[in-house]
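The following report describes the fold, the core and selected local features of one protein chain.

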Amino acid sequence: MRRWQSAGLAGLITAASAAGFAWADQPVDKGYSLQAPVTEVAKDITFFHDAILLPIIVVISLFVAGLLAYCVIRFNKQANPVPAKFTHNTTIEIVWTLIPVLILVGISAFSFPLLYKEDQTPAKYDMTLKVTGHQWYWSYEYADAEGVGFDANMLPQDEAKAAGKPYLLGTDNAVVVPVGKIVRVQVTASDVIHSWAMPSFGVKMDAVPGRLNEAWFRVEKPGLYYGQCSEICGVKHAYMPIEIKAVPQAEFDAWIASQKSADAGSTNPAAAQFAATPTSTAASAQAN
Ligand SMILES: [Cu+2]
């Protein structure tokens, strides 16, 4: 465990010195819209929200508010002292049933394809990242690189400041992924339900104990991305952020190699947690 933490600190210093990162996305003060999308799915989600849902919601809200204002002005006691006594109007009842149905069908023409796109990992994915939620941190395993894995804990305020990372979002070990590659994410939890959410990627997947959920992403832009646990999981729910560093493939390969050599001969804590007797690397590798 110690080894992992110190390896993380070293990485953190490297990250801080290489702070000239072209791109980073995270929540901002007074922000009210979606974070900038960096995957195709997130772009589709943003389009769906901004170009489809928002205009429909605005038109409906204006229409209902106008109708309400009209009724208040036209049919108040002074303007309309003798109210009409009728109760039903077949035409208007058909209209106010049919129009909402048509609106929902129109929305579904966009939402269903998007839902399937999010759900279906492309058959040819490039790597698998296994994510496990714990109270209150995340652990990661690189399924294609034996023994590579780590815990990611939130940085305390002073360490986050020193590392130039946003407090409450920065972690000691960033998850490194290659840009332009399809990453299959397997999500589970060891204790209670968590949710692994990365707004810029358009990914939010529940982490359920005893269940392996799947999500995927392909990051189009190198950078640092931040997310948070998005399922209330206990008292420190707000303190288990997710930090992802998307880098070119060559840099990713070098990072994997450095992780392997740093870990040579020691037990990988993330992999070991599923092993019955986590006494050696071999035992944990076998259990996986
Ligand atoms: Cu959680």
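In what order do the 5 strands of the open sheet stand? The order is 4-3-2-6-9, and the pairing is mixed. Strand 4 (149-152) and strand 9 (213-217) are at the edges with a single partner strand each, so one side of each has no neighbour in the sheet. On average, neighbouring strands of this sheet are turned by 25° against each other, direction ignored; the axes behind this angle are lines fitted to C-alpha atoms.

The model is predicted: local features require pLDDT of at least 70 and side-chain atom pairs count only at pLDDT 80 or more, whereas totals for chains, interfaces and linings use all residues. Residues are numbered from 1 along each chain as its sequence is written.

The protein has 7 helices and 11 strands, which are DSSP runs numbered from the N terminus (helices H or I, at least four residues; strands E, at least two). Strands pair if DSSP finds at least two bridges between them. Strand 6 (residues 183-189) and strand 9 pair in the antiparallel sense over 5 bridges, and Val-183 has Phe-217 of strand 9 as its bridge partner.

Buried residues, those with 20 or more other C-beta atoms within 10 Å of their own (exposed: 12 or fewer; partly exposed: in between; C-beta atoms placed from the backbone), make up 30% of the 288 residues. The largest nonpolar core (buried Ala, Val, Leu, Ile, Met, Phe, Trp, Tyr and Cys residues joined through C-beta atoms within 7 Å) has 45 residues, and Val-185 is among those with the most contacts inside it. Not counting residues up to four places away in sequence, Val-185 touches Leu-129, Val-131, Val-203, Met-205, Glu-214, Ala-215 and Trp-216, a contact being C-beta atoms within 7 Å.

Helix 2 (residues 40-74) has 35 residues and should span 51 Å at 1.5 Å a residue; its end C-alpha atoms are 49 Å apart, which agrees. The expected span is 1.5 Å times one less than the number of residues. A kink of about 35° lies at Leu-53, shortly before the proline Pro-55; the bend is the angle between axes fitted to the seven residues ending there and the seven starting there. Of the 35 residues of helix 2, 2 are buried, so the helix lies largely in the open.

Two residues other than glycine have positive phi values, as tabulated.

| Residue | Phi | Place |
|---|---|---|
| Lys-30 | near 60° | loop between strand 1 (24-25) and helix 2 |
| Leu-168 | near 80° | loop between helix 4 (157-163) and strand 5 (175-178) |

Lys-30 counts as exposed, whereas Leu-168 is partly exposed.

Key:
Two residues are in contact if their C-beta atoms, placed from the backbone, lie within 7 Å. Axes are lines fitted to C-alpha atoms, for helices over the stretch in contact, and angles run from 0 to 180 degrees between N-to-C directions.
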